Amino acid sequence: VETHVYSRYGLDKDVIVRGDYAYVKENIKFKIIDISDMQNPFETGYYEFGWGYNDIHLVGDVAFLSNGGYNCLYALDISDPYSPEVIDIYRDEGNDVHYRMKLHGRYAYIVENYGLEIVDISNPEEMVHAGNYSEYIGNAKIEIADRYLFLRSSSYDDPLEVFDISDPLSPVFVTGYQIGSGLRKMKAADGYLYLITTQHLLIFRATDFRQWQPIANFQVFTDDRRLSDLEIEGNYVYLTCADNGLYMYDISDREDPTYVTNNTTPGSASGVFVTDGIAYVADGSNLGFYDCTGVTGVKDKYQTLPSSFALISSYPNPFNASTRIQFEMSGAGHVTLTVFDVLGQNVSTLANREFEAGTHSLIWNGTGRDGRTVASGRYYIKARTGDSMEKMPITLLK
């Protein structure tokens with residue numbers, strides 16, 4: 001259901017939402033929009049570049065933005081949404097052109113023509129060169145899931161490549177797969193890699209690379225429409241198409257994505273971000289708000305319950321501001337979900353209550369029982385119900 005369209009001058013291309021604010025990528029502007037009242041959003045502040053930029057990533061009160069020139073990485077203080085300010089600019093001395101960027105832990109991986117520029121961003125006030133991976137890549141898409149980095153160049157002939165970044169400064173090639181079509185976007189979630197080409201949705205396992213190939217290769221369009229972006233939340237994938245809007249597919253069975261519904265947007269749908277069932281669409285000259293919580297039409301065969309109690313994932317991990325912890329229940333029961341440090345001390349209790357059968361998620365924002373942010377380092381999530389107990393390591397980086 002389209003709840004509101006916020007129209008104004010500009011060309012919205014992508015959006016990230018956190019709390020009461022939407023952070024919007026325009027051609028040359030980084031805009032902050034107050035969406036606490038989605039019926040009456042308003043722009044609070046912006047930062048304007050001299051030319052276009054590529055990606056936005058948020059870590060705490062800092063926005064990292066990649067730029068195509070020699071000033072290839074900007075760190076902006078966004079603690080005051082009315083006045084974002086530059087903290088530092090990382091300048092590449094290698095005289096190369098820069099494209100897409102992804103953050104992983106304390107490092108930014110920036111795609112350039114002749115490889116990857118690896119930048120240490122642990123101190124946003126003084127970002128420094130950390131390393132390079134030298135291989136001709138060109139204008140490539142990039143995604144990271146746990147200890148694996150995925151790259152696909154702009155050439156139709158180049159494969160989708162997987163690199164192991166267990167050593168973050170020395171990527172090691174693992175395997176590749178020939179897609180054979182133009183890649184539009186990649187997204188990693190819950191142990192899977194989702195990607196869209198101009199007309200197809202492909203799904204790969206992001207943890208098992210033996211005889212690596214897609215478990216699903218689904219053709220979304222058969223005419224000349226072209227996909228723009230994708231987002232994952234729960235058992236749904238959200239796709240945008242510049243020609244006619246927002247699409248939803250059920251991916252409960254990842255080998256057989258199923259169409260659920262679509263909504264024609266008034267502009268040219270580009271970027272999409274989804275949180276708590278609300279899809280925010282960067283739609284050209286407007287930002288659209290779409291309530292997807294009441295969606296129906298999912299096939300009955302997908303309404304299956306988990307077979308056991310289990311901790312599924314923590315994403316992102318490592319994390320800075322917050323991480324989403326998912327667990328599943330085969331039946332209703334009382335669950336205690338706690339955070340412990342390496343000494344076994346209870347840092348925070350995230351849940352101590354009854355849950356229904358199914359998949360659930362909770363957010364830990366890196367604070368202890370006193371409400372203060374805890375120190376960087378390794379922690380453990382422990383989940384217990386009845387006689388079952390699951391444990392998962394997570395890492396907080398600041």
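**Reading strands, a buried tyrosine and a pocket in a predicted model**

Q: Where does S66 stand in the pairing of strand 7 with strand 8?

A: This is a predicted model. Strands of a sheet pair through backbone hydrogen bonds, in either a parallel or an antiparallel sense. Here, S66 stands opposite L73 in strand 8. Strand 7 and strand 8 (residues 71–77) are antiparallel and share five bridges.

Q: Which strand is joined to strand 7 by five bridges through strand 6's hairpin, and what marks the turn?

A: Strand 6 is joined to strand 7 by five bridges, and the two run antiparallel. In this pairing Y53 stands opposite N67. The hairpin has two residues between the strands, and G60 adopts a positive phi near 60°.

Q: How should one read the two faces of strand 7: buried or exposed?

A: In a regular strand, side chains alternate between the two faces of the sheet. For strand 7, V62, F64 and S66 lie on one side and A63, L65 and N67 on the other, and all are buried. Strand 7 (residues 62–67) is thus mostly covered, with six of its six residues buried.

Q: Which strands stand at the edges of the open sheet ordered 29-30-33, and why?

A: The three strands of this sheet pair in the antiparallel sense. Strand 29 (310–315) and strand 33 (358–364) are the edges: each has a single partner strand, so one side of each is left without a neighbour in the sheet. From one strand to the next, the twist averages 20°. Strand 29 is joined to strand 30 (residues 323–329) by five bridges, and S314 has I325 in strand 30 as its bridge partner.

Q: Why is Y107 classed as buried?

A: Y107 has a relative accessible area of 12%, and buried means under 20%, so Y107 is classed as buried. Y107 lies in strand 11 (residues 107–112). Leaving aside residues up to four places away in sequence, Y107 touches K102, I118, V119, D120, I121, A130, P168 and L169. Y107 and V128 are 21 residues apart in sequence, with 9.7 Å between their C-alpha atoms.

Q: Which residues are closest to the centre of the second largest pocket?

A: The volume of the second largest pocket is about 670 Å³. Of its 32 lining residues, R100, K141, R184, S228 and S270 are the closest to the centre. Strand 1 (2–12), strand 6 (53–59), strand 18 (183–189) and strand 22 (227–233) are the elements that give two or more residues to the lining.

Q: How many residues of each class line the second largest pocket?

A: The lining holds seven nonpolar, 13 polar and twelve charged residues.

Technical notes. Residues are numbered from 1 along each chain as its sequence is written. This is a predicted model: local features need pLDDT of at least 70, side-chain atom pairs count only at pLDDT 80 or more; totals for chains, interfaces and linings use all residues. Side-chain values use heavy atoms; hydrogens and water are left out. Two strands pair if DSSP finds at least two bridges between them. Helices (H or I, at least four residues) and strands (E, at least two) are DSSP runs, numbered from the N terminus. Axes are lines fitted to C-alpha atoms, for helices over the stretch in contact, and angles run from 0 to 180 degrees between N-to-C directions. On a 1 Å grid over the protein atoms alone, a cavity is a set of points where a 1.4 Å probe fits but cannot get out, and a pocket is an open set with protein on both sides within 12 Å along at least five of seven lines; lining residues have an atom within 4 Å of a point. Grid points are joined across faces, edges and corners, and a volume is the space filled by probe spheres set on the points. Ala, Val, Leu, Ile, Met, Phe, Trp, Tyr, Cys and Pro count as nonpolar, Asp, Glu, Lys and Arg as charged, and the others, Gly among them, as polar. Buried means under 20% relative accessible area, exposed over 50%, partly exposed in between (1.4 Å probe, protein chains only). Contact means heavy atoms within 4.5 Å.
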